[in-house]
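I opened this notebook to record what I looked up in the model, entry by entry, beginning with a single position and working outwards.

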Amino acid sequence: MLEMGLDKSVAACLLEMGEVNTQKIRYFAAPIIAYPSPWQDTIPQWLLKAIYQERLEALAIDNSPQLATPAEVLTYLYPASLITPIGRDYTDIYLWSGSQVFPKYGKVADEQSFWQLIGSQPIQYRSIQHCYEPLASWLYQKAVQAGKQQGWGNCSKRQKHKTEEPVAASAQLSLF
């Protein structure tokens, strides 16, 4: 539905009418969290759309962990990486996330091509899991909080909010 142009607000209300868990609705409909940076406005539109597609896919998995998607992690780290070099752990997370997202949305032929394109050996999830999961969990919780502040989870009483641009997280992780 999202690929055909259905607005995320309509999709969120449909989820609510389907009696989907309120926290999941808030996560789906929440604004995108991006690292506070002057570079936020350079995040590609295809990546912003991919986040809502991946959020919807995550909601379809009943027992999915409460983690942000690779597209969200990539989007959060992108503006940070343009300010100053980020630490090795976060660089590895950024590259691994890119290897998951770019092939999925047709930006490179496949995962192997991604690693060839950047001239690096593939990074395995198990090597970044100890840093990825806390970051992805933090982003998920920030999204749920932002969705709650916007009134998601009760479409009939929700105040109108027009937020399609990424928002800066109210707190920053130390990436450097």
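**Entry 1: T75.** I began with T75, which lies in helix 4, and kept in mind throughout that the model is a predicted one. Is T75 buried or exposed? I found a relative accessible area of 0% for T75, which counts as buried because the cut-off for that class is under 20%. I then listed what T75 touches, leaving aside residues up to four places away in sequence, and noted I32, A34, I43, L47, L48 and I51.

**Entry 2: the chain as a whole.** I stepped back to place helix 4 in its setting, and counted seven helices and two strands in the protein chain. Read from the N terminus, the order of elements is α-α-β-α-α-α-α-α-β. Of the 176 residues in the protein chain, I noted that 44% are buried. Taking contacts between residues at least 6 apart in sequence, I found that 74% of them join residues at least 24 apart. The exposed area of the protein chain comes to about 9,500 Å², and I noted that carbon and sulfur atoms supply 51% of it.

**Entry 3: E72 and R55.** Returning to charged side chains, I looked up E72 and R55, whose side chains meet in a salt bridge with an N to O distance of 2.9 Å. E72 belongs to helix 4 and R55 to helix 3, so this pair ties together parts that are 17 residues apart in sequence. I checked the accessibility of each partner: E72 is buried at 5% relative accessibility, and R55 is buried as well, at 0%.

**Entry 4: helix 3 against helix 5.** How do the axes of helix 3 and helix 5 cross, and within what distance do they come? I read that the axes of helix 3 (residues 45-60) and helix 5 (residues 88-104) come within 11 Å and cross at roughly 95°. The two helices are therefore roughly perpendicular to each other. On the helix 3 side I listed W46, L47, E54 and E57 as making the contact, and on the helix 5 side V101, F102 and K104.

**Entry 5: E54 and K104.** From that contact I followed E54 and K104, whose side chains meet in a salt bridge at 3.7 Å, N to O. This pair links distant parts of the chain, with E54 in helix 3 and K104 in helix 5, 50 residues apart. The partners fall into separate accessibility classes: E54 is buried, with a relative accessible area of 6%, whereas K104 is partly exposed at 42%. I also noted that E54, E57 and K104 are linked in a network of salt bridges.

**Entry 6: R88 and D92.** I next looked within helix 5, where R88 forms a salt bridge with D92, the closest N and O atoms lying 3.7 Å apart. Both residues lie in helix 5, and they are four residues apart, about one turn of the helix. R88 counts as exposed at 67% relative accessibility, while D92 counts as buried at 17%. For the tally, I wrote down that the count of salt bridges comes to four.

**Entry 7: helix 5 against helix 7.** D92 turned up again when I examined where helix 5 meets helix 7, since D89, Y90, D92, I93, W96 and S97 of helix 5 meet Y125, I128, H130, C131, Y132 and L135 of helix 7. The axes of helix 5 and helix 7 (residues 125-149) are 9 Å apart, and the helices pack at an angle of about 100°. That angle makes helix 5 roughly perpendicular to helix 7.

**Entry 8: G98.** Still in helix 5, I looked up G98, which is buried with a relative accessible area of 2%. Which residues does G98 touch, once those up to four places away in sequence are left out? I noted L74, P103 and F114. I also recorded that the C-alpha atoms of G98 and A71 are separated by 7.7 Å, although these residues are 27 apart along the chain.

**Entry 9: a surface patch.** Last, I turned to the surface and found a nonpolar patch of about 270 Å² made by W39, L82 and I83. L82 lies in helix 4 (residues 70-83), and I noted L82 as partly exposed, with a relative accessible area of 35%.

How values were computed
Residues numbered from 1 in each chain as written. Predicted model: local features only at pLDDT ≥ 70, side-chain atom pairs only at ≥ 80, totals over all residues. Heavy atoms only, no water. Patch = residues over 30% accessible without salt bridge, like charges linked within 9 Å, V, L, I, M, F, W, Y side chains within 5 Å. Areas by Shrake-Rupley, 256 points an atom, 1.4 Å probe, with all protein chains shown as cover. Buried < 20%, exposed > 50% of the residue type's maximum accessible area, 1.4 Å probe, protein only. Axes fitted to C-alpha atoms, helices over the stretch in contact; angles between N-to-C directions. Parallel < 35°, antiparallel > 145°, perpendicular 65-115°, else oblique. Contact = heavy atoms within 4.5 Å.
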